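Hi everyone, and thanks for coming along. I'd like to walk you through one structure today, taking it a piece at a time. Have a look at it first, and then we'll start with a question.

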Amino acid sequence: MSLDRSFFVPLESPLHRLNPLTKLTFAFAMIIPAFLSVPRLAPALVIPIFIAVFAGKVQKQYLNLSLKLILPAILFMFVMQSVFLPIGETVIFQLGRFDVTQEAMQTAFLTISRIFVMVSSFAILLLTTHPGELMSDLTRRGLPPQFAYVINSTLQILPQMQAKAQTILSAQRSRGLDTESTFLKRVGAVVPLVGPLVFGSLVEVEERAIAIEARGFTSTRPKTFLRDVPDTRTDKIIRWLLLVFVILSLGGRIWLS
Amino acid sequence: MEVITQNAVYFVVVLALMALLFVWAYLTGRMQKEFSTMTWVLIPVAIAINLTIGQIVLVLKLPVYLDSIGTVLVGVICGPWAGALTGALANIIAGIILDPGWFPWFPVAAVIGATAGVMANIGYFKTWWKVVVTGFVIAIMATIVGTPISIIIFGGISASGSSLITAFLLETGRSLLAAVLTTNFIAEPLDKIATSLLAFAIIDGLSTRYLSRFPRGENAAVEKGQKQTELIIALVVVVLLILFGVYILPGITGG
């Protein structure tokens with residue numbers, strides 16, 4: 001029962017130096033064409049994604065993430081969809097009483113390429129960008145500061161709450177709470193585990209509200225920033241290029257159909 | 001491919017309606033009223049509750065997720081917009097720390113919070129029978145929003161266990177849309193009713209003084225001792241569930 005706080009890997013690389021918004025734009029500039037442009041483009045987008053992975057020097061962490069999260073899921077989906085999608089005429093082979101058709105395999109391949117592109121491009125963003133930095137940059141560009149508060153505050157509260165959940169679980173087990181036997185006993189264990197956790201954390205809400213209110217949380221005056229996130233000319237050029245790429249890919253879809 | 005195009009149109013219409021609703025709520029000030037400092041402080045706690053309880057349930061190996069208790073809680077005591085925001089941000093957080101595959105599901109989480117808020121506003125979060133109805137309505141809304149996402153983005157069969165049901169239904173000759181809808185409809189109600197009941201139990205345990213600090217704390221004022229009304233509502237619910245099971249589901253899935 002443990003969560004890493006985020007995927008972020010602190011390193012020195014050209015991708016780490018880019019502005020967070022540029023990397024967010026990159027993620028969407030991969031995802032939008034993958035889903036909305038011509039189907040042939042989706043698998044090809046793997047190339048810019050791999051280039052970005054190497055530019056960010058996060059190959060090891062990305063490989064690890066792919067093997068753990070992305071590949072098992074999409075391989076399972078590919079097999080399931082090839083076997084069970086009831087489309088297509090060209091039967092390649094039969095598996096028991098299921099026909100595996102060429103069309104079903106093509107559809108499945110398209111779907112998993114899209115998901116691979118989507119998950120990978122977000123993974124690159126998260127591996128090379130600190131969540132706090134991303135929120136701080138977006139806030140500077142006009143996102144209400146409350147959003148940054150919610151994201152950053154949750155990332156801080158979560159580990160504490162998980163530690164608390166672990167303590168409650170051990171404490172209730174040591175008092176003889178049954179968390180492993182019959183179904184009904186396990187259902188019955190939900191309340192003694194959830195109750196103390198939730199009430200304990202809700203009590204803190206009021207104090208925290210007073211504390212941040214006293215520090216000008218609701219003030220509408222312009223805020224200053226602790227972290228200065230650089231936004232260079234290179235960033236602006238890359239963002240424009242990505243925008244042009246998205247428009248071209250969508251135009252290609254309309255042009256070709 | 002035709003199903004996918006149809007769904008895309010449906011999706012765009014829903015997005016446009018939501019945008020209109022958003023502008024209306026913003027201009028009439030309904031939205032701003034829900035976001036007091038207490039709400040902003042409650043949201044991170046609610047998201048952490050979602051994820052932590054989701055993990056406790058994994059430890060207990062129960063056939064439900066219960067990963068939106070916090071979202072329902074915020075929806076009820078702060079309002080539908082706050083609930084929707086909590087759901088959406090909870091999925092973004094899960095995407096940041098667990099698996100980026102969570103991101104595309106954020107509309108489902110948002111609609112869970114919003115539905116809980118709307119149902120609470122019309123007084124359906126006050127006795128446990130009404131909470132069961134709310135849970136059921138949340139499940140229907142989650143199914144309606146989740147099915148197009150499941151089909152457009154994940155091709156209908158994803159890597160979750162319930163995909164086996166979808167695969168089975170496809171093999172019995174149903175269309176992809178019907179199979180995914182039915183699967184979601186089998187999987188969602190139990191989870192969402194249990195989620196709502198737990199959220200209700202939590203609210204029941206909080207003091208009135210504490211609840212009144214939130215924008216819609218009055219939604220949670222628990223009614224006590226109206227046995228007759230409860231019985232009538234219970235009967236209506238059971239009849240509706242049976243009608244839904246008998247008539248509407250085959251109607252949707254027959255095609």
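So, which residues of helix 7 (residues 131-140) of chain A are buried? Keep in mind as you look that this is a predicted model. The buried residues of that helix are A:Pro131, A:Leu134, A:Met135, A:Ser136 and A:Asp137. And what do they pack against? Within chain A, their partners are helix 2 and helix 8 (145-174), and from the other chain, helix 5 of chain B joins in. Just after helix 7 of chain A you'll find A:Gly142, with a positive phi of about 115°.

Let's step back and look at chain A as a whole. Its secondary structure comes to 11 helices and two strands. If you read along the sequence, the pattern is α-α-α-α-α-β-β-α-α-α-α-α-α. The radius of gyration of chain A is 24 Å, while the globule rule gives 18 Å for 257 residues, so chain A is more spread out than a compact globule. Its C-alpha atoms fill a box of roughly 60 × 60 × 30 Å along the principal axes. Of its 257 residues, 32% count as buried. Now take the contacts in chain A between residues at least 6 apart in sequence: 72% of these join residues at least 24 apart.

Next, helix packing. Two packed helices are described by the angle between their axes and the distance between the axes. Try that on helix 2 (residues 20-36) and helix 6 (residues 102-128) of chain A: the angle is about 180°, and the axes are 9 Å apart. Helix 2 of chain A and helix 6 of chain A are therefore roughly antiparallel. From helix 2 of chain A, the residues making the contact include A:Leu24, A:Phe26 and A:Ile31, and from helix 6 of chain A they include A:Val117, A:Met118 and A:Phe122. By class, the residues of this contact are 11 nonpolar, two polar and two charged.

Chain B gives us another pair, helix 5 (residues 80-97) and helix 6 (residues 106-121), whose axes come within 7 Å and cross at roughly 155°. Why do we call helix 5 of chain B roughly antiparallel to helix 6 of chain B? Angles over 145 degrees count as roughly antiparallel, and the crossing at roughly 155° therefore makes helix 5 of chain B roughly antiparallel to helix 6 of chain B. The crossing of these two helices of chain B is right-handed. Among the residues making this contact are B:Gly83, B:Ala84 and B:Gly87 of helix 5 of chain B, along with B:Ala110, B:Gly113 and B:Ala114 of helix 6 of chain B. This contact divides into 12 nonpolar, seven polar and no charged residues.

How do the two chains meet? The contact takes 45 residues from chain B and 54 residues from chain A. On the side of chain B that touches chain A, the elements giving two or more residues are helix 3 (37-60), helix 5, helix 8 (163-171) and helix 9 (176-205) of chain B. Which of them gives the largest share? That is helix 3 of chain B, with 18 residues. By class, the side of chain B that touches chain A has 32 nonpolar, nine polar and four charged residues.

For a close-up, find A:Met161 in helix 8 of chain A. A:Met161 is buried, with 23 other C-beta atoms within 10 Å. Leaving out residues up to four places away in sequence, A:Met161 touches A:Ser201, B:Ala48 and B:Thr52. The C-alpha atoms of A:Met161 and A:Leu197 are separated by 7.7 Å, with their positions 36 residues apart along the chain.

Before we stop, some backbone angles. Most residues other than glycine have a negative phi. Phi of A:Lys57, however, is near 55°, a positive value. A:Lys57 is in the loop between helix 4 (46-55) and helix 5 (59-84) of chain A, and is partly exposed, with 18 C-beta neighbours inside 10 Å. B:Leu66 also has a positive phi, near 50°. B:Leu66 sits in the loop between helix 3 and helix 4 (69-78) of chain B. Is B:Leu66 buried or exposed? With 21 other C-beta atoms within 10 Å, B:Leu66 is buried.

That's my tour, and thanks for listening!

Methods: Residues numbered from 1 in each chain as written. Chains lettered and ligands numbered in written order. Predicted model: local features only at pLDDT ≥ 70, side-chain atom pairs only at ≥ 80, totals over all residues. Helix = DSSP H or I, 4+ residues; strand = E, 2+ residues; numbered from the N terminus. Rg over C-alpha atoms; globule rule 2.2 N^0.38 Å. Buried ≥ 20, exposed ≤ 12 C-beta atoms within 10 Å, placed from the backbone. Contact = placed C-beta atoms within 7 Å. Axes fitted to C-alpha atoms, helices over the stretch in contact; angles between N-to-C directions. Parallel < 35°, antiparallel > 145°, perpendicular 65-115°, else oblique. Left-handed = near helix turned anticlockwise from the far one by under 90°. Nonpolar A, V, L, I, M, F, W, Y, C, P; charged D, E, K, R; others polar.
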